[in-house]
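I opened the notebook to look up side-chain contacts, surface and backbone. The entries follow in the order I made them.

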Amino acid sequence: MNGKPGKSGPAESRRAGSRMRLTGLVRKEFIQILRDPSSIAIAFLMPVVLLFLFGYGVSLDAEHVPVGIVVANPDQDTSRFIGSFRQSRYFELVLLSTMPEAVEAMESGTIDAIIHLRQDFSKKLKTSGDAPMQVIVNGVDANTARILSGYIEGAWIRWLGHEAMAEGATLKIPVQMEHRVWFNSELRSRNYLVPGLIAIIMTLIGALLTAMVMAREWERGTMEALMVTPVARREIILGKLIPYFALGIGGMALSVLLAVFLFNVPLRGSVIVLFAASSLFLLTALGMGLLISILAKNQFVAGQAAIIVTFLPAFILSGFIFDINSMPAPIQVITHLIAARYFVAILQTIFLAGNVWSVIAWNALALVVMSTVFLGISRRKFRKRLE
Amino acid sequence: MWRRVFALTVKEFLALLKDKKSRLVVFIPPLVQLLVFGYAATFDLKNIPFAVYNEDSGSASRELLSRFRGSGNFTEVATLRNEGEISPVINRQKALLVIHIGPEFNRNLLKGRTSPVQVIVDGRNSNTAMLAMNYARTIVNEFNRTWSERSGKPGPPAHLVTRAWFNPNLESRWFIVPGIVGLLTLVVTTLVTALSVAREREQGTFDQLLVTPIRPVEIIMGKTLPGFFIGIAEATIIILATVFWFDIPLRGSVLTLYTGIILFILSAIGIGLMISSLAVTQQQGLLGAFLFLVPAIILSGFTTPIANMPPFLQDLTLLNPLRYFMVILRGVFLEGAPFHRLINQFWPMAVIGMVNLTIAGWLFRHRLY
């Protein structure tokens, strides 16, 4: 091994030589990056485009949902009911005259739910006090359907309150649920999606930046040229890591600025902690890319693998959008292997809750372990040998 | 002509499948992903961790809490003794929800007054928070109904009867898994085609191809067919798994479904080949594929509805073939949509495919370096 420190003079000169070789490799990599603008595009253009598209495009806040309402027997009671539903910004009421018409509209996708007030609605409302209101939601998108029926229920309770008040009574509900939402009181989905997106974008950048670089050297035969030089494997790996780390941190800084200033996501924790956590994560992502790149030795396979093991798992298994606690136990175990999972937890906490050390420390520790493992394996698997 | 196309197709298949690693990355990961994502990608909450701070000693509060425990959606993780314990338990993400019942709860209830129950939710993930609150509200409403019945007091003058069509239990897996069919088919076909021309350019064999009597149309066909067959095979395997492994109902006709698949794969190949003919190196090809795939997946309505996007992005999604395919997949699988109702999804994909294939063919000749 080349970089091992000795005891006296020669060791020092060897160390100086190592530094010189490393600087040379880093410079060469930087020049290569500047010559082929696709790396710069990955590091700077991609975060901007992706964050912009996703920050606006990914939203779970359903507003102005088209809801059809069929009133079999319109009168004062039903028009008061409709009036109170009109006040909600969550619905866009579409008045329909018959049920078959409503069914047709639902099937063609112009409305997402039907509220049906039958012939005897007003009569039952006044006499038996047990007037049924039929609500049919389109269950294809189960999540939206559930949110929508929650909204309808909320509007319904408000209407009951108004009705009771109009009669001079208060609504008799035994238990009333009062809710308070911490960290994100308006329940803006963008506030948690944007930090999560940063994690996904960084996964992409880190892995993509490095996944191709080793494979490219193998494919072009320049790796063989590098082998006959006195450069050590550690130096080759570091020479690849340093430039791309710098690029990645630049992309990260850009993403955070966009999140705070364009999307108005609150940043409640400290910037230094954010920077430290991002560095850790970036090391992990770069290490993963490097490992793929070393194992694949072929740009096609390296590229495929980078997409398959980074983007999609980070999107689906990181807790960014799907709740990890609700996944089946074996899948929950798998999510522990996804580096983005830890970064998503850190980011959502730093942005929305602040420096909560018990969350940050554990997740950071996991990232330390993962980056060590990836870089360690890369170093072992990467041999200066021809096959 | 057909002989030349056939020869080129065979050569493409060989280039793609002769390497063991390439063979593996084309076929194995999509299946593993289908299994993992099919189970992971769900918006349904199970085991919502909650903590209880109960200042009331009466039986009513105990009954309400036991409803939470018995619902199957909630798991109690802590019992709190004072108000100061609420904030750490939420901050540290030990509990998503804290239920706080005040000391007057039982007494108020027995006197016929309205008793408040405070629910504190961790809003870091607003969707989870909202769903957890909806679950909690349902439990409270059920409690109210039985309490009113038991105490003989009249309930509210009207009641809601909610039903969900097409997916009666509101399982989000029914929504997500058909979407995964589109997702994985898109990833595989785009990648297979996006690197095909770029690889030849990088190795210099594309120039050789251009000086042979093979015409651009034939090159296009030769490059299209392997991706097409791989895409169809991939989609078929995934659909079989969707129906037989995940038990998602396939209510519409297989013919309608495959019309959609064929048009979708054509449009994906068109985009892949266009990226490929623009790229000089494989890295550029891969980057291009990525820059198309990632937005295409996120802006397709796969996980988050297109209707929630701002208008300009909604218009942008009209260029995304996956958007139409998602509607077809969910329409055919869950709603049993007939052929004629999906016409408006079929033709845009055909247009996208034809336009891109034409541009790609033109670029073959006009981009030479």
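Which side chains meet in a salt bridge at 3.2 Å, N to O? I looked this up first and found B:E63 and B:R150. The model is predicted, and I read every value below with that in mind.

**Entry: the B:E63 pair**

I placed both partners next. B:E63 sits in helix α3 (residues 59-70) of chain B, and B:R150 sits in helix α6 (residues 126-151) of chain B. The two are 87 residues apart in sequence, so the salt bridge ties together separate parts of the chain. I then checked exposure. B:E63 has 21% relative accessibility, so I logged B:E63 as partly exposed. B:R150 has 55%, so B:R150 goes down as exposed.

**Entry: other salt bridges**

I looked up the total. There are 18 salt bridges over all chains. One of them joins B:R341 to A:E107, with the closest N and O atoms 3.6 Å apart. This pair crosses between chains. B:R341 is in the loop between α13 (321-335) and α14 of chain B. A:E107 is in helix α4 (residues 99-107) of chain A. Are the two partners buried or partly exposed? B:R341 is partly exposed, at a relative accessible area of 28%. A:E107 is partly exposed too, at 31%.

I also noted B:D122 with B:R124. Their closest N and O atoms are 3.2 Å apart, and they form a salt bridge. Both B:D122 and B:R124 are buried. Next I wrote down a network. B:K11, B:E12, B:E200 and B:K223 are joined by salt bridges that share partners.

**Entry: aromatic pairs**

How many aromatic pairs does the structure hold? I found 22 over all chains. I picked A:F85 and A:F91 to start. Their ring centres are 5.6 Å apart and their planes stand at 25°. Planes under 30 degrees apart count as stacked, so I logged this pair as stacked. Both A:F85 and A:F91 are buried.

For chain B I took B:F228 and B:F229. This aromatic pair is edge-to-face, with 5.9 Å centre to centre and 70° between the planes. I checked exposure for each ring. B:F228 has a relative accessible area of 17% and is buried. B:F229 has 45% relative accessibility and counts as partly exposed.

Back in chain A, I asked which residues form one aromatic cluster. The members are A:F81, A:F85, A:F91, A:F121 and A:W159. The stacked pair of A:F85 and A:F91 therefore belongs to this cluster.

**Entry: charges over rings**

I looked for arginines over ring faces and wrote down two in chain B. B:R323 lies over the face of B:Y324, at 5.7 Å from the ring centre. B:R330 lies over the face of B:F175, at 3.6 Å from the ring centre.

**Entry: nonpolar surface**

Which residues make a nonpolar surface patch of about 530 Å²? I listed B:F339, B:I343, B:W347, B:V351, B:V355 and B:I359. I followed up on the tryptophan. B:W347 lies in helix α14 (residues 343-366) of chain B. Its relative accessible area is 51%. Exposed means over 50%, so B:W347 qualifies as exposed.

**Entry: domains of chain B**

I looked up the domain assignment. Domain 1 of chain B takes in 2-41 + 171-366, and domain 2 takes in 48-151. How many Å separate the centres of the two domains? The figure is 48 Å, taken over C-alpha atoms.

**Entry: positive phi**

Last, I checked the backbone for residues with positive phi that are not glycine. In chain A I noted A:N264, with a phi of about 55°. A:N264 is in the loop between α9 (233-262) and α10 (271-296) of chain A. Its relative accessible area is 55%, so I marked A:N264 as exposed.

In chain B I noted B:D247, which also has a positive phi of about 55° and is not a glycine. B:D247 is found in the loop between α9 (216-244) and α10 (254-278) of chain B. B:D247 is exposed, with a relative accessible area of 56%.

Technical notes:
Residues numbered from 1 in each chain as written. Chains lettered and ligands numbered in written order. Predicted model: local features only at pLDDT ≥ 70, side-chain atom pairs only at ≥ 80, totals over all residues. Heavy atoms only, no water. Patch = residues over 30% accessible without salt bridge, like charges linked within 9 Å, V, L, I, M, F, W, Y side chains within 5 Å. Areas by Shrake-Rupley, 256 points an atom, 1.4 Å probe, with all protein chains shown as cover. Salt bridge = Lys/Arg side-chain N within 4 Å of Asp/Glu carboxyl O. Helix = DSSP H or I, 4+ residues; strand = E, 2+ residues; numbered from the N terminus. Buried < 20%, exposed > 50% of the residue type's maximum accessible area, 1.4 Å probe, protein only. Phe/Tyr/Trp six-rings, centres within 6.5 Å; stacked < 30°, edge-to-face > 60°. Lys NZ or Arg CZ within 6 Å of the ring centre and 35° of its normal. Domains from an automatic or database assignment.
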